[in-house]
Amino acid sequence: MNRRSGTGYTGIPPWIYAIAAAGAVFVLLPLVAMVAKVNWPQFIPLITSESSLTALGLSLRTSAASTAACIVLGVPLALVLARSPFPGQRLLRAFVLLPLVLPPVVGGIALLYTFGRQGLLGRSLELAGIQIAFSTTAVVLAQTFVALPFLVVSLEGALRTAGNKYEAVAATLGARPSTVLRRVTIPLVLPGLASGAVLSFARSLGEFGATLTFAGSLQGVTRTLPLEIYLQRETDADAAVALSLLLVAVAVAVVGLSYRRPRVEAAPEGAFR
Amino acid sequence: MSDPRKHVTALLVAGALTAVLTGCASGTPAVTGSSSAAASASATPALTGTVTVFAAASLKSTFTKLASDFEAKNPGTKVTLNFAGSSDLVTQITQGAPADVFASADTKNMTKLTDAKLVDGAPVNFATNVLEIAVPPSNPASISAFADLAKPGVKVVVCAPQVPCGAATEKVEKATGTTLAPVSEESSVTDVLGKVTSGEADAGLVYVTDVKTAGDKVRGIPFPESDQAVNTYPIATVGTSKNKELAAAFVATVTGSEGQKVLGDAGFGAP
C-alpha cells in the first residue's frame with residue numbers, strides 16, 4: 001500500500017505530465033487574467049478604501065471566530081468518528097461532510113430555518129433575548145457550517161494515521177482518558193489539527209452564499225469581503241477586481257503557509273468511501 | 001497505488017481554493033441559432049429563427065409570457081430568455097454574449113450599452129416601476145407608512161445604493177427627509193424580498209411588481225412618496241444582433257398594446 005516514491009522511479013507515463021500541465025493552466029489562467037485586469041495605479045486606494053478595509057477586517061475576525069468554533073466542535077467529532085465504532089457512524093460522517101458538496105446557498109436556507117426568527121430554534125432564542133439574524137453571529141454560524149467538514153476530515157485522517165498504540169500504552173500506565181487525550185492524542189495529531197484549522201479558516205474567508213442568504217449584508221456587521229466584492233461589481237469593476245486579488249492573496253498565503261511542510265497528514269483513508 | 005492520503009489532501013486543497021475563489025458566476029445563455037429572416041410583406045412578415053432576449057430579473061414573469069405569446073403568434077420563431085441583474089447583463093453583452101434584445105431595469109445600464117456602441121437605434125422606454133413596502137402577512141411591526149420604517153426596533157431590509165432599487169430607496173429617503181437604519185443592504189431586490197417572505201425582516205423596500213409576484217407571501221403597502229423615484233425600463237435591439245428583424249419584432253411586441261397589457265397586469269406603470 002505505502003509504496004512511496006523514494007526509489008527514483010515515479011511510474012508516471014510522460015503524457016500524464018502534459019495533461020497535468022493543462023490542469024495547472026486551467027486553474028492559473030483565470031488568476032492571470034484577473035491580475036491583468038487590475039487597475040494598478042488605483043490598486044492601493046481601491047483596497048484601502050474605508051468600505052474595503054471594513055470588509056477585510058470583518059472577514060478576518062469572523063473567519064478567526066468560526067475557525068475557533070470549528071476546533072471546539074470539530075475535534076470531538078473527529079475523535080468520535082476516528083476512534084469509537086458505533087452504529088450509524090458512516091451515516092454521521094456523511095452528514096458531517098455534507099456541507100462540502102452542498103451549494104452554500106442551500107446551507108444558508110437551512111440555517112435560516114434553524115436560527116432565523118421563524119426557525120426551529122429561532123423562536124426560543126428570541127424569547128431568550130438572542131437575535132441571530134442580521135448579526136455578525138449569523139456570519140460566524142454560516143462560516144462554521146461550511147468550514148467544519150474541512151477540520152473534521154483533516155483531523156480524522158491524522159487520528160487514523162497516528163493509530164492508538166501510544167494511547168493504549170498511556171492507558172496501561174494509568175493515565176485517565178482525559179489525560180491521554182491532552183497529553184498523547186492531541187500532541188500527536190497537532191499537525192493535522194493545524195492544517196485542518198487553516199483550511200477551515202480559508203473556507204470561512206471565501207464564504208459567500210450562506211452568508212448572503214442567512215446573514216444579510218451590512219457594512220461592518222455582516223458584509224464580509226466576498227459580499228463587498230459582489231456589491232462593488234455592480235458599480236465599480238476595478239474595485240471588485242482589486243478586492244478579488246486581495247482575497248486571493250490572503251487565501252494563497254494561508255493555504256500556502258499550511259502546506260509548506262510535506263509531512264502534514266490531512267485526510268482519512270476512508271473519508272470518501 | 002501511492003499514498004492515498006496525499007490524493008485526498010490534494011483534493012481538499014483544490015476544493016478549498018475553488019471555494020475561496022468562487023465568487024459568483026452568472027450563467028450565460030445558450031447559443032443563438034439565428035437564420036436569415038425571410039421577410040416578405042411589411043404587414044405580416046414571415047419571421048423565423050431565434051431571438052435571444054437579455055432582460056432584467058424583474059421582468060421574468062412578464063417576458064416569459066410575452067415570449068411564449070410571440071412564439072405562438074409567429075410559428076417558426078424561438079425566443080431564448082436570459083434573466084439577470086441589468087448590470088450583469090450589460091457586462092455579459094459587452095463581453096460578447098450573443099444577445100439580440102436587451103431590456104434594462106434602469107436607464108443607467110442601458111446608457112452603458114449605448115456608450116459602448118452596442119445598441120441599434122435608440123432605446124425605447126416601455127415600462128415604469130415604483131417602490132412599495134413589503135411586509136410579512138401578519139405585519140409584525142404594524143407598518144402603514146414610509147415614516148414607520150424609521151421607527152426604532154423595526155427591522156428594515158433595503159437594496160444597497162449601488163443597485164437600482166437601492167438608488168431609488170435613497171431618492172425616496174431624501175425626498176421625505178426620512179433616514180432609514182436598515183439591518184441589511186442587499187445586492188438584489190430578490191434578496192430583499194426573500195428576507196421578508198422568510199419572516200426575518202419586518203419590512204423591505206421592493207418594487208410594486210415584486211409584491212405582486214410574491215402573491216400572498218407578503219403584503220404590499222404602497223406609499224405616496226414612491227413617485228419620487230420612478231424607475232424607467234428601456235428596451236433596445238443589440239447592435240451585434242444577427243437577426244435584427246426578429247429582434248425589432250420582439251421589441252415591437254413589448255412596446256405595443258399586447259406587451260403593455262401584460263406589463264400593466266403585472267403592476268408595471270406605463271412609460
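# A tour of chains A and B

In chain A, residues 24 or more positions apart in the sequence account for 79% of the contacts with a separation of 6 or more. The model on the screen is a predicted one.

**Stop 1: chain A as a whole.** Select chain A and colour it by secondary structure. The selection shows 13 helices and 0 strands, so that the pattern read along the sequence is α repeated from beginning to end. Along the principal axes, the C-alpha atoms of chain A fill a box of roughly 65 × 65 × 30 Å. Of the 273 residues in this chain, 42% are buried.

**Stop 2: helix α3 of chain A.** Next, select residues 50–83 of chain A, which form helix α3. How far apart are the end C-alpha atoms of this helix? They are 48 Å apart; at 1.5 Å a residue, the 34 residues should span 50 Å, and the two values therefore agree. Now follow the helix to A:G74, where there is a kink of about 35°. The proline A:P76 comes shortly after this kink. As a general point for viewing any such element, an α-helix has 3.6 residues a turn, so residues three or four places apart point the same way.

**Stop 3: chain B as a whole.** Hide chain A and display chain B. Here there are 9 helices and 10 strands. Chain B has 271 residues, of which 48% count as buried. Among its contacts with a separation of 6 or more, 75% are between residues 24 or more positions apart.

**Stop 4: the open sheet of chain B.** Select strands β1, β2, β3, β4 and β10 of chain B. These 5 strands form an open sheet in the order β2-β1-β3-β10-β4, with mixed pairing. Its edge strands are β2 (77–84) and β4 (119–129), each of which pairs on one side only. On average, and with direction ignored, neighbouring strands of the sheet are turned by 20° against each other.

Keep β4 of chain B in view and add β10, residues 231–238. The two strands run antiparallel and are joined by 7 bridges. B:V124 stands opposite B:I235 in β10 of chain B.

Then select residues 86–94 of chain B, which form helix α3 of that chain. Which strands does this helix lie across? It lies across β1 (49–56), β2, β3 (101–103) and β10 of chain B, and runs at about 135° to β1.

**Stop 5: strand β8 of chain B.** Select residues 203–207 of chain B. Is this strand enclosed or open to the outside? Because 5 of its 5 residues are buried, β8 is largely enclosed by the rest of the structure. Strand β5 (residues 131–135) of chain B runs antiparallel to β8 and is joined to it by 4 bridges. In this pair, B:I133 stands opposite B:L205. Strand β6 (residues 156–159) of chain B, by contrast, runs parallel to β8, with 2 bridges between them. Here B:V156 stands opposite B:A203.

**Stop 6: two loop residues of chain B.** Finally, select B:K117, in the loop between α4 (107–115) and β4 of chain B. B:K117 has a positive phi of about 60° although it is not a glycine. Is B:K117 buried or exposed? It is exposed, because 8 other C-beta atoms lie within 10 Å, and the cut-off for an exposed residue is 12 or fewer.

Move on to B:S142, in the loop between β5 and β6 of chain B. The phi of B:S142 is near 50°, which is again positive in a residue other than glycine. B:S142 has 11 C-beta neighbours inside 10 Å and therefore counts as exposed.

Terms used
Residues numbered from 1 in each chain as written. Chains lettered and ligands numbered in written order. Predicted model: local features only at pLDDT ≥ 70, side-chain atom pairs only at ≥ 80, totals over all residues. Buried ≥ 20, exposed ≤ 12 C-beta atoms within 10 Å, placed from the backbone. Pairing = 2+ DSSP bridges. Contact = placed C-beta atoms within 7 Å. Axes fitted to C-alpha atoms, helices over the stretch in contact; angles between N-to-C directions. Expected span 1.5 Å × (residues − 1). Bend = angle between axes of the 7 residues up to and from the residue.
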